[in-house]
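This briefing covers side-chain pairings, the surroundings of the ligand and the setting of one serine. Please consult the sequence and structure shown here alongside the points that follow.

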Amino acid sequence: MMKITLPVIAVNFKTYLESVGEKGLEIAKAAEEVSNDTGICIIVAPQQSDIGLIASKVDIPVFAQHIDPFTPGSHTGYILPEAVAEAGAKGTLINHSEHRLILADIDEAIRRAKEANLKTIVCSNNPEVSASICALSPDFCAYEPPALIGTGISVSTAEPEVVTKAVELMQKVNPAVVPLCGAGISTGEDVAAAIRLKTRGVLLASGVVKAKDPKAVLQEMAESAQKTL
Ligand code: G3P
């Protein structure tokens, strides 16, 4: 399913070795099968070098993990929105906690991504920053408390009141932005809890990428998302 529908499960491959090259392709194929089986949209965000490989082999949305807010020309070691779009990306993460940008650059990155027809998931680290980001009109804003990232302790069950506050502030500033949350999401119940807190999906990484059986985890998550609809 190439169309982005809600709720969404977005899987950030980060720089885990378990998701590089052919291994990343395997996870993406598992995500495609689960998405076809359940009807739940699953986005994968591999490293830049794997976007072309994965986007050419699966029919689910592939996102970049980052783009630089530059125009084409004389820059070295950066990545243009047009380059990831040409490789097959349908969107991009921006301002992940592990790749932060200053506000002016987030604004420009969203603008440049739109020019390249890329959807944007912009990450935020607390409810107030989430609100500021929503003023810049990305497609999605993903609230992820840095302290819970990679811990397996889910934001949606450990800090439900902060998720609620983040969603409320985001909606107040810009109801057109789709709220997501992430950090520590590892089970179907974590996904269901996130949706019950009025997010429209999750952004996650280690719970799937480092799982013994990524497909089984994704299946459980997607079925759980389905049941909350
Ligand atoms: O981008 C997703 C992320 O930062 C959360 O990571 O490993 O806690 O799911 P993780």
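The count of aromatic pairs in this structure comes to one. It consists of F70 and Y78, whose ring centres are 4.7 Å apart with planes at 80°; because planes over 60 degrees apart count as edge-to-face, the pair is placed in that class. The model discussed here is a predicted one. The salt bridges number nine, and the ligand has 100% of its area buried by the protein.

**Aromatic pair**

- F70, one of the two partners in the edge-to-face pair, is partly exposed, with a relative accessible area of 24%.

**Salt bridges between distant parts of the chain**

- K14 and E98 form a salt bridge in which the closest N and O atoms are 2.9 Å apart.
- K14 belongs to the loop between strand 1 (8–12) and helix 1 (22–38), while E98 belongs to the loop between strand 4 (91–94) and helix 4 (103–115), so this pair ties together parts that are 84 residues apart in sequence.
- The two partners differ in exposure: K14 is buried at a relative accessible area of 11%, whereas E98 is exposed at 51%.
- A salt bridge also joins K215 to E33, with 2.5 Å between the closest N and O atoms.
- This pair links distant parts of the chain, since K215 is in helix 10 (residues 214–227) and E33 is in helix 1, 182 residues apart.
- K215 is partly exposed, with 32% relative accessibility, and E33 is likewise partly exposed, with a relative accessible area of 43%.

**A salt bridge within helix 4, and its network**

- R111 and E115 meet through their side chains in a salt bridge, at an N to O distance of 2.7 Å.
- Both residues lie in helix 4, and because they are four residues apart, about one helical turn separates them.
- R111 is partly exposed, with a relative accessible area of 40%, and E115 is also partly exposed, at 47% relative accessibility.
- Through salt bridges that share partners, E82, E108, R111, R112 and E115 are joined into one network.

**Ligand surroundings**

- The residues that surround the ligand are N12, K14, H96, E144, I149, G150, A183, G184, L203, L204, A205 and S206.
- K14 is thus among the residues around the ligand and is also a partner in the salt bridge with E98.
- In the side chain of H96, a polar atom lies 2.7 Å from an oxygen atom of the ligand.
- E144 places an N or O atom of its side chain 2.8 Å from a ligand oxygen atom.
- For S206, the corresponding distance from a side-chain N or O atom to an oxygen atom of the ligand is 2.5 Å.
- The ligand taken alone exposes 310 Å², and the protein buries 100% of that area.

**Setting of S156**

- S156 is located in helix 6 (residues 155–158) and is buried, with a relative accessible area of 4%.
- The side chains of S156 and S154 are joined by a polar contact of 2.7 Å.
- A polar atom in the side chain of S156 also lies 2.8 Å from the backbone oxygen of D190.
- When neighbours within four places in sequence are left aside, S156 is in contact with V163, I185, D190, A193, A194 and L197.
- D190 therefore appears both in this set of contacts, where contact means heavy atoms within 4.5 Å, and as the residue whose backbone oxygen faces the S156 side chain at 2.8 Å.

Notes. Residues numbered from 1 in each chain as written. Predicted model: local features only at pLDDT ≥ 70, side-chain atom pairs only at ≥ 80, totals over all residues. Heavy atoms only, no water. Salt bridge = Lys/Arg side-chain N within 4 Å of Asp/Glu carboxyl O. Helix = DSSP H or I, 4+ residues; strand = E, 2+ residues; numbered from the N terminus. Buried < 20%, exposed > 50% of the residue type's maximum accessible area, 1.4 Å probe, protein only. Phe/Tyr/Trp six-rings, centres within 6.5 Å; stacked < 30°, edge-to-face > 60°. Near = heavy atom within 4 Å. Polar contact = N/O pair within 3.5 Å; in protein donor to acceptor, adjacent residues only side chain to side chain. Areas by Shrake-Rupley, 256 points an atom, 1.4 Å probe, with all protein chains shown as cover.
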